[in-house]
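Colleague: I should like to go through this model with you, one local feature at a time. Please reason through each reply before you give the value or name I ask for.

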Amino acid sequence: MSYEIKKAAVLGAGVMGATIAAHLANAGIDSVLLDIVPFELTDGDKKKGYTKESPEWRNSFAANGLAGALKSKPASFYSKKNASLIKIGNLEDNLGWLADVDWIIEVVIENLKIKQDLFARVEKGIKPGCIVSTNTSGIPIKDISAKFGAKLKQNFLGTHFFNPPRYMKLLEIIPGEETKKEIIDYLTEFCEEVLGKGVVICKDVPNFVANRVGVFDISNAIRIMADKGLSMPELDAIIGKGVGRPGSSIGGTMDLVGLDTGYHVMNNLYEAVPDDEMREYFMPGEFMKKMMEKKWLGNKTGQGFYKRTKDAQGKRTKLALDYNKMEYVSFKRPKFDSVSDAKKLEAGFEKKLKALFAGKDIAAEVVREYLCKNLIYAANRIPEICDNVVGIDNAMKWGFNHKLGPFETWDALGVKETIDVMKSLKLKAPKKVTDMLKSGAESFYLKKEDGKHYYDFETRGYVKLEDKPKIVLLPSFKEREKTVKENPGASLVDIGDGIACLEFHTKMNAIDGDVISMIYDSCDIVEKDFLGLVVANHGTNYSVGANIFQVLIAVQQTDWDMLDDLVSKFQYANMRMKYCEKPVVTAPAGMALGGGCEMAMHGAKCQPCGETYMGLVEVGVGVIPAGGGTKELMVRCTEGIPDGAIENGLNLQTYYQKVFENIGMAKVATSAVEAIELGYIRKTEGISLNRDHQIWDAKGIALGLSKFYSKPKPSRIPVMGDNFKGMAAAILYNMRRGNFISDYDVHVATKLAEIISGGDCSEGTYVTEEYILDLERDAFLSLCGESKTQDRIMHMLMKGRPLRN
């Protein structure tokens, strides 16, 4: 049987249910969101005139859930407009809606009887082939499905989303004993390709994979802290980015998630795993029990392991919990030599981790004990919770934001060397790992000519990782000597089928002279030897913009010719991409700010990742976009105007007001959909929800375009002249009178208005792109000569913030 999910139903409109429905909407999937009918009318309901028959009252739980998702921070929807794909109802009146859905996701309270009773009703009204799943985080799938009919058992499985669903990559799929393999395979592919998830197939055991290993990780760290008499700030300074953990580390993560959530998961695990060799680690300590009693639950209650407050002078300060005295105390950020020394190394993460692991101070002692116990625990869970090391590694990276999974960490440290450390700590190394070493296998992962392999404990040999052609990894192409040309700032890589990829690799992918030079070179090479070009990378951010340190040097030296040349080269590098003879597809993800946004706007097509944060933010440092961003927004907002409309008196004010507001207010889109709404990305572009598939998607677009591509004709841009300047002046006057902006903000925005107006032109005049680029460059150079702009740039440099142009 073939499966296709076009419409879904989410049963349960709490925080998790509503945000799952929101992410389905982000992927373009229609859904119905159902919850129970309230028990009684409140006084507020009666004042509104509701009766027990009123749909507004009967659907109020679902309505409140949707409203919460719309207001959530971080945002659950790519755009609030996506909420129109969700239809709300209730579980009494609207179960009939389930008859035409393709996937039902149950997200009600974690109570076995309630789930079983609900499914008994659901089973009667679903169509053949409908996939049914539960989002349970701990109740066994076999218990939930115990009373199901044979057909439903075949279509039933667990789908454990991580919170918040939009942002957390991990989705655990837990098949039941009778779940059809084709449903497991289809849903895995659907969740990866359509929802953008990283899927791990789990066993039906308590807390599945990520929470089982991840909660031990946190419990282990907290126990080591207490045993060694460390403070939480000291633990967080040790178990942080240096060991591949999020910046929030242990205490910050617990405060973020909520101590109550962590406490209950620990308790539940303690009860559920009586045979676990480390069971006692799941029992929360006495100080955590006291924190629960005092409702010191973390960010949700304003205090947990940390508390933000104000001192006597009204200055914001952060206090830490002294868990022995149960009182909050001030603290200085702890420093440890081993942590600092490892951080200073000019090396990759793995070598820094190895140096920290081999350190001589208390921090290194903590790291050794913490990691060794984690590694042993993870190895002992195979095959109990998962069949192989790959699933556990992926679960910890995708569900807990660890830089490396436990077995990747073990490889980085050296398997044999780490076992020697375990012996010195009197810890028992897993027999399966020592047997692996005896067999001659020295690592959990191994690269061979045909690809990457992992060690399989069951077969006692290496197994090739499944090929996933949609995951295009640029380093693997470089290893196969597919680099066409490179310099310190960027590389041009042959990714096959006649497509090349331009990759940046400066710090934060900031644009410098090397990047600009490689744009020109890449276009030249692609026109000669390739069918098309993709501009993409694997960095956290596509590009935070041009590094304005070079700008500051030119300004301080009053070398205006050098600065003019630098800006001009960047402008025309973008124009070179736009008018390349072969199609250029940009693929932004993460932050694409300032110059990064401008580059993304200058391709023939743009294939953004859903999580793209895009905008022209230059006014923040007192300048305006000078890499063609202003020009390109002007082109895009007017390119759909019918021929003859301007000559017949069309008012361009509404078109250009949006450009003025976007740039003047430094508006940044918080998703690719918002970037489309703001005009940074065209409405005709597709979106990749799975970042791992984005380069593949962009490559496919470039190949498709190459079959019929001809470069675009130069744009002619209609301008408003003095009429736009007058409109902008009125807006700025009102904003200044309302004290929303400063005098210097008015000065910068007036320069921006001069560009958008077209300078000294009458309304209805058509100008070239080059003409607007000249206005951009003149305004940029003029503002760079202002002392207040220089002060803003210097302030940003001193603060150590990303440098954006």
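Colleague: Is aspartate 311 buried, partly exposed or exposed?

Modeller: The model is a predicted one, and aspartate 311 sits in the loop between S9 and S10. Its relative accessible area is 30%. Buried would require under 20% and exposed over 50%, so aspartate 311 counts as partly exposed.

Colleague: Which backbone nitrogen does the side chain of aspartate 311 reach at 2.8 Å?

Modeller: A polar atom of the aspartate 311 side chain lies 3.0 Å from the backbone nitrogen of glutamine 313. The separation of 2.8 Å belongs to another backbone nitrogen, that of lysine 315.

Colleague: Which strands are the edge strands of the open sheet with the order S9-S10-S11?

Modeller: This open sheet has 3 strands and antiparallel pairing. An edge strand pairs on one side only, which applies to strand S9 (306-310) and strand S11 (327-330).

Colleague: What is the average twist from one strand to the next in that sheet?

Modeller: The sheet in question is the open one with the order S9-S10-S11. From one strand to the next, its twist averages 45°.

Colleague: Which residue in S11 is the bridge partner of leucine 319?

Modeller: Strand S10 (residues 316-322) pairs with S11 in the antiparallel sense, over 4 bridges. Leucine 319 has its bridge partner in S11, and that partner is serine 330.

Colleague: Let us turn to the other open sheet. Which residue in S18 is the bridge partner of cysteine 501?

Modeller: The open sheet of 6 strands follows the order S15-S16-S17-S18-S19-S21, with mixed pairing. Its edge strands are S15 (483-487) and S21 (605-606). Within the sheet, S17 and S18 pair in the parallel sense over 4 bridges. The bridge partner of cysteine 501 in S18 is valine 534.

Colleague: Which residue in S19 stands opposite valine 535?

Modeller: Strand S18 (residues 532-535) and strand S19 (residues 584-586) run parallel and are joined by 3 bridges. In S18, Leu533 and Val535 point one way and Gly532 and Val534 the other way, and all are buried. Opposite valine 535 in S19 stands threonine 586.

Colleague: At about what angle to S15 does helix H22 run?

Modeller: Helix H22 (residues 513-529) lies across S15, strand S16 (490-494), strand S17 (499-504) and S18. Relative to S15, helix H22 runs at about 155°.

Colleague: With which side chain does the side chain of serine 491 make a polar contact?

Modeller: Serine 491 is found in strand S16 and counts as buried because its relative accessibility is 0%. Beyond four places in sequence, serine 491 touches residues including Cys501, Met518 and His505. The polar contact, at 2.7 Å, is with the side chain of histidine 505.

Colleague: What is the separation between the C-alpha atoms of methionine 225 and leucine 235?

Modeller: Methionine 225 is found in helix H9, and it counts as buried because its relative accessibility is 0%. Leaving aside neighbours within four places in sequence, methionine 225 is in contact with several residues, among them Phe287, Tyr323 and Leu235. Methionine 225 and leucine 235 are 10 residues apart along the chain, and their C-alpha atoms are separated by 6.3 Å.

Colleague: Which helix supplies the largest share of the lining of the second largest cavity?

Modeller: A search of the whole structure finds 2 cavities of 30 Å³ or more, and the second largest has a volume of about 100 Å³. Its lining includes Val213, Arg245, Met396 and His402. Helix H9 (210-228), helix H16 (362-380) and helix H18 (406-413) each supply at least two residues of this lining. The largest share, 3 residues, comes from H16.

Colleague: How many of the 8 residues of H18 are buried?

Modeller: The buried residues in H18 are Pro406, Phe407, Glu408, Thr409, Trp410, Ala412 and Leu413. What covers them includes helix H15 (349-357), helix H17 (389-400) and strand S12 (445-448). H18 is largely enclosed by the rest of the structure, because the buried residues number 7 of the 8.

Colleague: Which residue with a positive phi follows H18?

Modeller: The phi in question is near 95°. The residue that follows H18 with this value is glycine 414.

Conventions. Residues numbered from 1 in each chain as written. Predicted model: local features only at pLDDT ≥ 70, side-chain atom pairs only at ≥ 80, totals over all residues. Heavy atoms only, no water. Pairing = 2+ DSSP bridges. Contact = heavy atoms within 4.5 Å. Axes fitted to C-alpha atoms, helices over the stretch in contact; angles between N-to-C directions. Buried < 20%, exposed > 50% of the residue type's maximum accessible area, 1.4 Å probe, protein only. Polar contact = N/O pair within 3.5 Å; in protein donor to acceptor, adjacent residues only side chain to side chain. 1 Å grid on protein atoms, 1.4 Å probe; cavity = no way out; pocket = protein on both sides within 12 Å on 5 of 7 lines; lining within 4 Å. Points joined across faces, edges and corners; volume = space filled by probe spheres on them.
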